[in-house]
Amino acid sequence: MKRLDLREIRCPLALVLLKQQLLTLETNHTLEVLFVDQAVMQDILLYLNKKNYTYNREKNKLFVTL
């Protein structure tokens with residue numbers, strides 16, 4: 001499982017970093033995304049929903065699976 005730590009990163013850079021990581025993610029693998037900023041999370045969720053990615057959300061973590 002890959003991990004992307006966005007706890008100290010704000011948008012739009014956080015979304016750019018997420019997109020880069022998703023491009024390198026292989027099928028049936030999971031990306032763990034760590035965050036604290038709710039605005040960052042909202043932007044990320046909007047993007048993932050728009051692109052039909054599968055994800056699970058916990059309190060300050062997001063797991064995206066291809």
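## Two loop asparagines and a four-stranded sheet

Asn52 is exposed, with a relative accessible area of 66%; exposed means over 50%, buried under 20%, and partly exposed in between, using a 1.4 Å probe and protein chains only. This is a predicted model, in which local features need pLDDT of at least 70 and side-chain atom pairs count only at pLDDT 80 or more, while totals for chains, interfaces and linings use all residues. Residues are numbered from 1 along each chain as its sequence is written, and side-chain values use heavy atoms, leaving out hydrogens and water.

Asn52 sits in the loop between helix 2 and strand 3. Helices (H or I, at least four residues) and strands (E, at least two) are DSSP runs, numbered from the N terminus. Asn28 lies in another loop, the one between helix 1 and strand 2. Here are the two asparagines together:

| Residue | Phi | Relative accessibility |
|---|---|---|
| Asn28 | near 65° | 67%, exposed |
| Asn52 | near 60° | 66%, exposed |

Most residues other than glycine have a negative phi, and most peptide bonds are trans. Both phi values in the table are positive. The peptide bond from Cys11 to Pro12 is cis, with omega near 10°, and Pro12 belongs to the loop between strand 1 and helix 1.

Now look at the sheet. Its 4 strands run in the order 1-2-4-3, forming an open sheet with mixed pairing; strands pair if DSSP finds at least two bridges between them. Strand 1 (2-5) and strand 3 (54-57) are at the edges with a single partner strand each, so one side of each has no neighbour in the sheet. On average, neighbouring strands are turned by 20° against each other, direction ignored. Strand 3 pairs with strand 4 (residues 61-65) in the antiparallel sense over 4 bridges, and Tyr55 has Val64 of strand 4 as its bridge partner.

Helix 1 (residues 13-24) packs on this sheet and touches strand 1, strand 2 (30-34) and strand 4, where contact means heavy atoms within 4.5 Å. Its direction makes about 175° with that of strand 1. Helix 2 (residues 38-50) also packs on the sheet, touching strand 3 and strand 4, at about 155° to the direction of strand 3. Axes are lines fitted to C-alpha atoms, for helices over the stretch in contact, with angles from 0 to 180 degrees between N-to-C directions.

How do the helices meet, and at what angle? Helix 1 and helix 2 pack at about 40°, with their axes 10 Å apart. That makes helix 1 oblique to helix 2, because angles outside the roughly parallel (under 35 degrees), roughly antiparallel (over 145) and roughly perpendicular (65 to 115) ranges count as oblique. Residues making the contact include Leu15 and Leu18 of helix 1 and Ile44 and Tyr47 of helix 2.
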